[in-house]
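Reader: Hi! I have a fresh model to go through before I set anything up. Could you walk me around it?
Author: Happy to, let's have a look together.

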Amino acid sequence: MEDVLTKIKFKNDTYTKKRGTPALLKMSCSICEHIIMYYQKDGPGPLKRCYLDRIFYPEDLAKLQNYSFDKKNCPSVKCPQCKQLIGFPIIYEKENRPAFKLVQGAFSLKKIPNKVCS
Ligand SMILES: [Zn+2]
């Protein structure tokens, strides 16, 4: 797992510039505490959705950003261990940006310290 973290490089694009300094978050399942993903959150405020292009881990979620997005065919995010629903695919209309809308209360977040935007 530490290996994954050392390979992560923050994305720094127009979304980042608009929203603010990015932070790396570890998202865990609220029921069984299994790791759901590592996610780059740009700027302050609560996490309501996860943009596909900000997911670094696990591989099967991170790679979704490379394919054309289809709400109907994109899988939901579920805890791999206890199968709790974490999020479901949407297009964030304001930016026409594929994302997972998160189920509040289904996850907990921890900020990974000492990540420097590269
Ligand atoms: Zn779980």
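Reader: Let's begin with K83. Where does K83 lie?
Author: K83 lies in the loop between strand 5 and strand 6. Keep in mind that this is a predicted model.

Reader: Noted. What is phi of K83?
Author: Phi of K83 is near 70°, a positive value in a residue that is not glycine. Most residues other than glycine have a negative phi.

Reader: Is K83 buried or exposed?
Author: K83 has a relative accessible area of 55%, and it counts as exposed because the cut-off for that class is over 50%.

Reader: How many residues sit between the strands in the hairpin of strand 5 and strand 6?
Author: That hairpin has six residues between the strands, and K83 takes its positive phi there. The two strands pair in the antiparallel sense over two bridges, with V77 standing opposite G87 in strand 6.

Reader: Which residue with a positive phi is in the turn between strand 6 and strand 7?
Author: N96, with a phi of about 50°. N96 is not a glycine either. Strand 6 and strand 7 form a hairpin with four residues between them.

Reader: And how accessible is N96?
Author: Its relative accessibility is 59%, so N96 counts as exposed. If you want a distance for orientation, the C-alpha atoms of N96 and L25 are 23 Å apart, with the two positions 71 residues apart in sequence numbering.

Reader: How many bridges link strand 6 and strand 7?
Author: Six, in the antiparallel sense. One of the partners is easy to find: P89 has F100 in strand 7 as its bridge partner.

Reader: What is the strand order in the sheet?
Author: The order is 3-7-6-5, in an open sheet of four strands with antiparallel pairing. Strand 3 and strand 5 (77–78) are at the edges; each has a single partner strand, so one side of each has no neighbour in the sheet.

Reader: How does strand 3 pair with strand 7?
Author: Antiparallel again, over three bridges. Y51 has A99 in strand 7 as its bridge partner.

Reader: Changing topic, since I'll need parameters for the metal. Which residues are the protein donors of the zinc ion?
Author: Four cysteines through their SG atoms: C29, C32, C79 and C82, lying 2.3 Å from the zinc ion. Their spacing along the chain is C-x2-C-x46-C-x2-C.

Reader: What geometry does the site of the zinc ion have?
Author: The site is tetrahedral, with angles of 98 to 122° among the four donor atoms.

Reader: Which is C29, buried or exposed?
Author: C29 is buried, at a relative accessible area of 1%. C32 is partly exposed at 25%, and C82 is partly exposed at 30%.

Reader: Where is C82 found?
Author: In the loop between strand 5 and strand 6, the loop that holds K83. C82 is also 8.4 Å from H34, C-alpha to C-alpha, although the two are 48 residues apart in sequence.

Reader: What about the inside? Which residues touch the most other members of the largest nonpolar core?
Author: M27, I36, M37, C50, I86 and F100, out of 25 residues in that core. The elements giving two or more residues to this core include strand 1 (22–29), strand 2 (35–42), helix 3 (59–62) and strand 6 (85–92). Another core, of seven residues, lies apart from it, and I8, F10, L24 and I35 are among its members.

Reader: I might try some docking later. What is the volume of the largest pocket?
Author: About 270 Å³. It is lined by 15 residues, and the closest to its centre are R19, K41, P46, R49 and Y51. Strand 2 gives the largest share of the lining, four residues.

Reader: Last one, as I always check omega. Which peptide bond is cis?
Author: The bond from Y57 to P58 is cis, with omega near 0°. Most peptide bonds are trans. You will find P58 in the loop between strand 4 (55–57) and helix 3.

Reader: Great, thanks for the tour!

How values were computed
Residues are numbered from 1 along each chain as its sequence is written. This is a predicted model: local features need pLDDT of at least 70, side-chain atom pairs count only at pLDDT 80 or more; totals for chains, interfaces and linings use all residues. Side-chain values use heavy atoms; hydrogens and water are left out. Donors are N, O and S atoms within 2.8 Å of the metal (3.2 Å for Na, K and Ca); water is not among the atoms, so sites may look incomplete. Four donors count as tetrahedral if all angles lie between 85 and 135 degrees; four count as square planar and six as octahedral if opposite donors are over 155 degrees apart and all others between 65 and 115; anything else is irregular. Buried means under 20% relative accessible area, exposed over 50%, partly exposed in between (1.4 Å probe, protein chains only). A nonpolar core is a set of buried Ala, Val, Leu, Ile, Met, Phe, Trp, Tyr and Cys residues joined through side-chain atoms within 4.5 Å. Two strands pair if DSSP finds at least two bridges between them. On a 1 Å grid over the protein atoms alone, a cavity is a set of points where a 1.4 Å probe fits but cannot get out, and a pocket is an open set with protein on both sides within 12 Å along at least five of seven lines; lining residues have an atom within 4 Å of a point. Grid points are joined across faces, edges and corners, and a volume is the space filled by probe spheres set on the points.
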